[in-house]
Amino acid sequence: IALTQELRKLFASALLSARGCLDPSPLLNQLVNVQIGSQQDVGESMLTLLEQLEEGLQAGVILGTGGLKDKLADREPEAESEAHPSLPPEKASPPAPQVAAAVPVDSSKSESGGDNKKLSLLQTLFFGEQVQVLSYRATGPEPPTAEPSEAAGSPLAAAVQDPTLAPAPLVLGSPSDPSSVPLATASVANHLGTDAQASSEADEAPPTLASPSAPPPPLLADAPPAVADADAPPPTASTLQVSATPVSPSLSPAVSPSPAPSCGEESPNAKTPYGSSFADAPLPSVPVGSAAASEAAPQESPREAIPDADGMVVREDKNPFLHIFLDVKHKSLYRAWEAARNTEVDYTTPSGSSTRACTSIWLKRLPKLLFFQLQRVGFNQDTKSQVKLDDRFEFDKTIYVDRFCLSNKAKSEEAAAHVKDLEEMKDNLEEAVSAFVSYRRCNMSGRDVLTMAAECLERNAAEQGPIKLADTNPDNVAASSGDVAAQLKEGAQDAVSLLRSLGQACEAQLTALREQIESLSSQIDEAYSDLRSQAYELHAIWVHSGIADSGHYWAFVRDWEKDRWYRMDDSRVTLVSWEEVHEAAVGTDGSHTSAYALVYMDRELAEGQQRQQDRAEAHQAAERELPPTLLQQIAEDNRQFKLEQADEELRRHAEAIFQHFLTLVYGWERKRYTADKSGDANDENGRKRMQDASLLGLEAFIYRINGEQDVWTYLITKSINEQRTERTWKDEDEPRILAFLAQKLRSQNGNSSMLRDISNGSSVKRAQLVALDVASLEERYRTALMHAQIVDEALGELQKDQSLLVKCIGMLAYVWANWRLDKEDKFRQNEVLLLMSTLIFNTVHAIQQRPQYVPDFADACSYFMLLLYAVEWPTSWKESLIDKLRAMGTPAPRGTGVRVQDEINHLLRDQVRGHMVTQQARSEESQMKKLPPGEEFFERHKNLYWWVMNTETIARGYVEAKIKELHPAADASAPVVSQ
């Protein structure tokens, strides 16, 4: 009942809800709760589902409390003959037997009294009725058929109670195969509803659910096992199923398709260990082992099996059906259905003798929906494993079922016999065509082979003179043989003419064959032209992509109102063209994608789906029939939806912010990757390998000084500011917009910590952006960029002219002296100190190597000495360098005494700031070319930094240039003179 209630709620909401889409999860939760076992029990679970739906329908869950019977009295067919136009009134049959207790009928009405039972809605939609006709030639008297009783509905049921009368159990597979396990007679009794089986069934524990990697299951448990051909192994006792439809011809070596079957003769003395493949009883209407089997009503007894004058025994058994199973090896729906309808089977008669019997299945009552299951799993004997069969299987959007209806049996058999003759002729002609198209399996047509032979003769006849061995080929080989050349001169022209005539004859014959095949195809299509009144339209397709033991399912469903197709793929629903549907469903060998099930809808019902419905009348009917509580729920949801619509514009603003934010995040992800590889200023071992990633943009600078959380806050702030300017929302709406934005971020597993909830328990959600002093960050970034630009300018000039080394050091010292980098920008402090120390150290060493020119560098050494005393380099490193400068006569700066101070001396900083070398950098700052942040600036700065840090010749170049300037005649590169 809970399942039916959720279904009712979904349908009612679809009619009355103001929403454009609905949440089906409550219904899906109920469907998941339907108890199922292994994947072979899918059919049983479907019957359980229908049973639950029927229970809810009969309880009045869908419409009011009076039950479905009274509510739909004016819509239900009064008798079976009115269930579908294919059944003439004068041949109406008794009502259908009960199916798995999921489709109960009113047993209080007597058939003999003329008051026909009515079909429920589910019976009308899903269940049809078939008549199975079995015929065989009898050689001895047949025992009379027992009258049905309340305890047993067929001769087989009586035989179950009396084992001496029981026929052999039903077996799929060869009786001689020891792996063929018979289906016990007690299991057949289960289908007939005996008390013993009902008792054991009630105690049986439900099977466990198969793993998701199991092979694609059949739609019903009463489906035959998925075996492709006679070579497949028989099923085991745990998986053996009995079909409510006839045994497919592909399931047993003893079963072969026969569109126009010929009956065998009875062999009284023949004996087999397990009997026949067709039990002498109505086919079961519920799957083996189903919980509903014990509640099934007795089956209707078959008609009297009395031999006619020719000794033919004909039995007719009537059963309900839900699916029609088709073998894809027959290539098309009609041909596969014909093969499934007519079969020839091994049969054990009631007298115990074995014979060959002919069976045919005819539809007596048609459902509104026809389900076809395609057999697409086979068994590979070489690998001993299941394989997926993706053979091409054609089907039409419209099919006509008249030829399969019992009322058209005579006309259909006559047409089938004619079609069989035509198809045999067509097959012979197509085989002849293949001989012309692929001559002797060489992948060339006969005409092409003959034409090539004629051309080869012509070229050989035209060839003159001897040919080098390396140049020979089939077109000039005759020139190498005098005898062949002589023969060609005598008969080449006639031979060429004959070959070309043969090629033309081949083409003419091929054209005639194809014309005849086309004519036969037209005759086959027209053979059933008088049987095209019962039309069904393709409604849905179930597709599997993968292999036999794994893969993925989706469905195509037709939208009748707009005549278009939807692809239902888990949570993804998309519109697709018919061409896409057909390509995915028809199957191609090696594609691993093909249809598993086809669903057709009665044309009258389909046309009803296409008509525009009177929604006002439907609303009134719903309000009369549906419970007030459900109507109130839908009304409340509609009210909530109106409030949501009022918020829709605010949601669109939030969505615009989110999309803009995504573009910024994408750009930031690339910058963060570079920043993470740029090094850490606090890493003592990695300082010399650092790169200034902040030159890529402000967010990289924020990442360097504050961390990534502030980067997210900055980016979302930037997006909000830009969208606020563009979309001009009201200030009072912004908290709600930010709340929707936070909700969107969380739904995408994004970081929303920069949006603080300020709802204070209110149902109306509001949020506030975490404060970030963007103006202060931008100001700090402008300063950092200026420092980088000064450093970049200094290194760039030095790269052009190495004689400007002291000026370059002065520009670096200008940055150090005028800003407290140790507190404001640790990264820049590290960069500037590394560059200055490298240049000073290498330069002092280069001057020391040329002692005769030391006085020429007195000013430079004096500036170096000031920096060594003022800058916070390690004392141990500075002292050795200061000693070298003292050795070259460079005095210490004023006010320093004789001891190096570790602490920063403000007096010395002021001296550095006021030094004329440093002052020169100040004057050039305003004239510098300032590159904007980005990839170009980052790469240029990185390359200049690495050039200085890894090139020792810069200092030597400066020294040589200075010597050359002051002493033009001197050889600045002469070997060093030691003193």
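This dialogue considers how to read several features of a predicted protein model.

Trainee: What does the secondary structure of the protein come to, and how many of its residues count as buried?

Mentor: The model is a predicted one. Its secondary structure comes to 30 helices and 17 strands. Of the 979 residues, 46% count as buried. The accessible surface is about 49000 Å², and carbon and sulfur atoms account for 50% of that area.

Trainee: Which share of the contacts joins residues at least 24 apart?

Mentor: One takes the contacts between residues at least 6 apart in sequence and asks how many of them span at least 24 positions. In this protein the share is 75%. One pair of C-alpha atoms may be added here: those of Ser407 and Lys364 are separated by 7.5 Å, while the two residues stand 43 residues apart along the chain. Ser407 is in the loop between strand E10 (398-400) and helix H10 (409-437), and its relative accessible area of 29% makes it partly exposed.

Trainee: How should the packing of two helices be read, and at what angle do H17 and H18 pack?

Mentor: One reads the angle, the axis separation, the handedness and then the residues in contact. Helix H17 (residues 648-676) packs on helix H18 (residues 698-705) at about 45°, and their axes are 10 Å apart. Angles from 35 to 65 degrees fall outside the parallel and perpendicular ranges, so H17 is oblique to H18. Their crossing is right-handed. From H17, the residues Trp668, Lys671, Arg672, Ala675 and Asp676 meet Glu699, Ala700 and Tyr703 of H18. By class, this contact has four nonpolar, no polar and four charged residues.

Trainee: H18 also packs with H19; are these two helices roughly parallel or roughly antiparallel?

Mentor: The angle between H18 and helix H19 (residues 708-727) is about 150°, with the axes 7 Å apart. Angles over 145 degrees count as roughly antiparallel, and H18 and H19 are therefore roughly antiparallel to each other. The crossing of this pair is right-handed. On the H18 side, Leu698, Glu699, Ile702 and Tyr703 take part, meeting Glu708, Asp710, Val711 and Tyr714 of H19. The residues of this contact divide into five nonpolar, no polar and three charged.

Trainee: Which residues of H1 meet H16, and at what angle do the two helices pack?

Mentor: Helix H1 (residues 2-16) and helix H16 (residues 628-646) pack at about 50°, their axes lying 11 Å apart. These helices are therefore oblique to each other, and H1 passes H16 in a right-handed crossing. Arg8, Lys9, Ala12, Ser13 and Leu16 of H1 meet Leu630, Leu631, Gln633, Ile634 and Asn638 of H16. That contact divides into five nonpolar, three polar and two charged residues.

Trainee: Backbone angles can also draw attention. What phi does His592 have, and where does this residue lie?

Mentor: Most residues other than glycine have a negative phi. His592 is not a glycine, yet its phi is positive, at about 65°. It belongs to the loop between helix H13 (578-586) and strand E15 (593-602), and with a relative accessible area of 39% His592 is partly exposed.

Trainee: What of Thr728: is this residue buried or exposed?

Mentor: Thr728 likewise has a positive phi, of about 50°, although it is not a glycine. Its place is in the loop between H19 and helix H20 (734-747). The relative accessibility of Thr728 is 62%, and the cut-off for exposed is over 50%, so Thr728 counts as exposed.

Terms used. Residues numbered from 1 in each chain as written. Predicted model: local features only at pLDDT ≥ 70, side-chain atom pairs only at ≥ 80, totals over all residues. Heavy atoms only, no water. Helix = DSSP H or I, 4+ residues; strand = E, 2+ residues; numbered from the N terminus. Buried < 20%, exposed > 50% of the residue type's maximum accessible area, 1.4 Å probe, protein only. Contact = heavy atoms within 4.5 Å. Areas by Shrake-Rupley, 256 points an atom, 1.4 Å probe, with all protein chains shown as cover. Axes fitted to C-alpha atoms, helices over the stretch in contact; angles between N-to-C directions. Parallel < 35°, antiparallel > 145°, perpendicular 65-115°, else oblique. Left-handed = near helix turned anticlockwise from the far one by under 90°. Nonpolar A, V, L, I, M, F, W, Y, C, P; charged D, E, K, R; others polar.
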